[in-house]
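Please open the structure in your viewer and keep the selection tool at hand, since each stop on this tour begins with something to select. The route goes from a single residue to its surroundings, and later moves on to another chain.

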Amino acid sequence: MKKRLYQFTLLMVAVLLMSACGPAGTETSVPTEPATTDAPVVTEAPTEAAPLVLKIAMAAAVTTWDPVKSFSTEVAYLDNMYETLLLINPPGSAEEFTPVLATSWESNADGTEWTFHLRPDVVFHDGEAFTAEAVKMSIEAIADHGGAAFIWWMLDHVEVVDDLTAKFVLTSSAPIDWIASSADGSRIISTKALTAATADPNYFEAPVDAGTGAYVLESYKADQEIVFDRFDDYWGGWKPGQFDKVFVQLVTEGITQQQLFDSGQVDLVTSIPRENYLPYKDNPNYTYHVEPSFFNYLVFFNTLRPPLDNVLVRQALSYAIPYQDIIDIAVKGLGTQSRGPVPQGVWPSSPDVKQYTYDIAKAQELLTQAGHPGGGFTLNMWYVSNNDTIVALVPLLKDSFAQIGVEVNLVPMLWAPLWEQAKADPANAYDINPNMYWPTYSDAGSDNLWSLFYWTESPFFNLSFWKNDAYNALIDEAITKTVIDPVTAQAKYIEAMNMLVDEAPGAYLFDTKAVYIIPKYIEGFKYNLNYPFVPYFYYQLTSTK
Amino acid sequence: MHKLEFILRRLVSSIFVLIGVSIITFALSRVVPSNPAVLYIGPRARPEDIVRVTKLLGLDQPLPVQYFIYMRDLLHGDLGTSIATKRPVLQEIFDRAPASLELLFTGMFLVVVIGVPLGVLSARWQGKPVDLVTRTISIIGVSIPAFFLGLVFQIIFFQNLHWLPLATQYSTDLRFTNPILPVTNFQILDAMLTRNWVALKDTAIHIILPAITLAAYPIGLVARMTRASMLEVLEQDYIRTARAYGTKEFIVTYFYALKNAISPTLTVIGLTFAYALTGTFFVEIIFIWPGLGMFTVSSLLNLDYPAIMGMTLFGATAYVLINSIVDLLQAWVDPRINLV
């Protein structure tokens, strides 16, 4: 009997396997892999003259090689392969922009038409010539389905005036010079590649490099390494000391990066643990750069959930935050208290935006006014568990709120599920959510102030779920006036930011500072806070070794 | 005939095991409240893009339908496409398997050449200082977690003594000065086959620490098992007889005693081989070893469910296969064992 059962089962298995021999149910579009070398080749090991290699340990992962769809950490690599029309310079520079693929530009009086004059004799890595058609196809593709498509919300179309002139026609006034210099969402891509990608959505994942940048993607091994080769036909030319190759070792652990750095196995790193910075400060072998950054930390109060629907309670909590202690402990002093949710140095930040102070007595007084003398309630704090800074500051918030009688339950989560749950059911989500933000390009008015607190039907990053029509109106007006009347726009933004402080849908903790530790033999490093996810532009760097 | 029947029965039961594993893994990966579409696009995915990608990945279908589609594609050899890398999961496995297998085989080689002799020595010199030392080494090996041991080795041998490299399969410079031509994608083997002696030395040095870290627990286990089996066998009459006839002690120990004592040790070696498959996860993370372990960990953290499913099924299949091979080996070594 047992034997028959096994024989029957075997027969069923055979039938099942045979049924699988038919055509596959779904077409999976398999990206083509670059051809591997034929094997075996049993020869003497080749010994080549060593190229000048820049070795970097980085944690930034690659989610896609598609320059249109990309909107994540791979920007660190893509912005060395691709270029934009302009680059925006750091605040305080003599010129606001550096011309890249555009040599000059102008707009009409109301900022609804922007004409860019393009650089001649530029070629893409795939051999295609750079023309206005490439600008048109690239920007329109991004506006249509790009990862950062939203920055082109005002774009009607791009017109090819001639081979080296492109005109951006807008439905509404906007600072296209800023937008066209964005790290994400403004890359110019070869027309040949864009056409191929239309037929095959996974075209770029092979990976394919279709940029004009100084470096070409040579090879990529996921989770392991990325190698770039210099582009000999780069329009900027090459000078002695610039690197022939760039080798990026993908290392997620900060301490491992540090060990590789200290032992000389890599030249540059990006993620040394903050508590280990100081020994490098006075080390004569390194230059120690402390720079302002695009990133800031804030706390969202869920305004849909009592008692946080009461502005007095939110103000009380804002007074109960030990801002300087958080900066000292969470980021080892590498930060400054925020003035609203716009990082200092980025448009439209202003010293006229108010700040809270750490004042427990004031906090207690406000709680009493709100009908909660001595606190006596509990709040759930959901926080991103894989952000070391947030992990460090969360206990300080908990402890400080306890001093005014507010208990806090800490709930660690990964970002993706936290965000999903919050958007899906705001009324039953967290009470408090500490978070981090940065603007996609150098306009934190239309990004931070819009994304974080502008009410929309479906919440995106407005994770306090705060609705205020007066605030929305201020932001709408400020955005439309940014180009044609920046003075009024700034005034509206300041009014909006002060409203955010007074109404306290969030608490604005600190703007971070970035630290770069550069060996003395590497020259040319120039920090630009407008490109926080691109720590190194390889073309700038030279070696004196 | 018995062996054939055994193989067929194992095949049938394995299929049920793998189906069960696939159902459990599928269910668990869907329980976590997160949308893999966010991973696909990036941390700032717009709502409309999330909807588009959710449809693209088939995540809007009911769970049983998703499972059915997955299993149907699986029968055609399609393990799906990794959400994180956008490449076929099967391709990822094939690309990364050589690195893991190279580490695994090196580790298991150390287990056999270190663990078995340690156990034999320990049994032969029972009660003597040699026995104490080897037993201490065994206990350390089975007690200390691999991830901790790996970090300790890095501190001692890399940071303090500067004897061995920190991590990775080979030095960065090797890639440009003496690149290894791919033949089998096993770096050490390819270096030998292409007579790239610089690369051979470099890759051999790089594999030492991760292999020892991986082998530490199995070495301890194998040494203890070998010792226990040897002690039992060394008490047997035929061993006493062999000694009485003046047979050299070396022959008695390694040819008479070990042959009969090795059977349980073989089982343990096989099981630790299977253990080491998952043990490589920690080791690969610590030593930035570009194998299946690193891929699995990043897939888990990113909820890359096609990769999670693919790796789980791959691991389960390997486990079942190894256990079957171990059983067959045992029967071959000891004809008294009845497989059926």
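Select Lys221(A) to begin: this residue is exposed, because 12 other C-beta atoms lie within 10 Å, and a residue with 12 or fewer such atoms counts as exposed. The model in your viewer is a predicted one. Lys221(A) lies in strand E8 of chain A, which covers residues 215-221. If you also select Ala496(A), 275 residues apart from Lys221(A) along the chain, you will find that the C-alpha atoms of the two are separated by 46 Å.

**The sheet that contains E8**

Next, extend the selection to the sheet to which E8 belongs, an open sheet of 5 strands in chain A whose order is E8-E9-E10-E1-E11 and whose pairing is mixed. At its edges stand E8 and strand E11 (268-269) of chain A, each of which pairs on one side only. Within this sheet, select strand E9 (residues 225-230) and strand E10 (residues 245-250) of chain A, which pair in the antiparallel sense over 5 bridges. If you look along this pair, you will come to Asp229(A), which stands opposite Lys245(A) in E10(A).

**The domains of chain A**

Now colour chain A by its domains, which are domain 1 (72-198), domain 2 (199-291 + 516-543) and domain 3 (292-513). How far apart are the centres of domain 1 and domain 3 of chain A? Taken over C-alpha atoms, the two centres are separated by 33 Å. The two domains do touch, with 16 residues of domain 1 of chain A in contact with 9 residues of domain 3 of chain A. On the side of domain 1 of chain A that touches domain 3 of chain A, the residues divide into 8 nonpolar, 6 polar and 2 charged.

**A second sheet in chain A**

For the next stop, select strands E4, E5, E7 and E6 of chain A, which form an open sheet of 4 strands in the order E4-E5-E7-E6, with antiparallel pairing. Strand E4 (102-107) and strand E6 (155-162) of chain A are the edge strands, and because each has a single partner strand, one side of each is left without a neighbour in the sheet. Neighbouring strands of this sheet are turned against each other by 20 degrees on average, direction ignored.

Begin at one edge by selecting E4(A) together with strand E5 (residues 113-118) of chain A, which pair in the antiparallel sense over 5 bridges. Here Ser107(A) has Trp114(A) in E5(A) as its bridge partner. Add helix H3 (residues 132-145) of chain A to the view, and you will see this helix packing on the sheet, where it touches E5, E6 and strand E7 (165-170) of chain A, while its direction makes about 170 degrees with that of E6(A).

Then move to E6(A) and E7(A), which pair in the antiparallel sense over 6 bridges and form a hairpin with 2 residues between them. In this pair, the bridge partner of Glu159(A) is Lys167(A) in E7(A).

**Chain B**

Switch now to chain B, in which there are 14 helices and 0 strands. Its C-alpha atoms fill a box of roughly 85 × 55 × 40 Å, taken along the principal axes. Of the 340 residues in chain B, 41% are buried. Among the contacts in chain B with a separation of 6 or more, 70% are accounted for by residues 24 or more positions apart.

Select helix H5 (residues 89-124) and helix H12 (residues 249-286) of chain B, which pack at an angle of about 145 degrees with their axes 9 Å apart, H5(B) passing H12(B) in a right-handed crossing. To look at the contact itself, show side chains including Leu103(B), Leu104(B), Met108(B) and Val112(B) in H5(B), and including Ile269(B), Phe273(B), Ala276(B) and Leu277(B) in H12(B). The residues of this contact divide into 13 nonpolar, 6 polar and 1 charged.

As a last stop, select helix H13 (residues 292-302) of chain B. Is this helix mostly covered or mostly open? H13(B) is mostly covered, with 8 of its 11 residues buried, among them Leu292(B), Met294(B), Phe295(B) and Asn302(B). Just after H13(B) comes Leu303(B), whose phi is positive, near 55 degrees.

Terms used: Residues numbered from 1 in each chain as written. Chains lettered and ligands numbered in written order. Predicted model: local features only at pLDDT ≥ 70, side-chain atom pairs only at ≥ 80, totals over all residues. Pairing = 2+ DSSP bridges. Axes fitted to C-alpha atoms, helices over the stretch in contact; angles between N-to-C directions. Contact = placed C-beta atoms within 7 Å. Left-handed = near helix turned anticlockwise from the far one by under 90°. Nonpolar A, V, L, I, M, F, W, Y, C, P; charged D, E, K, R; others polar. Buried ≥ 20, exposed ≤ 12 C-beta atoms within 10 Å, placed from the backbone. Domains from an automatic or database assignment.
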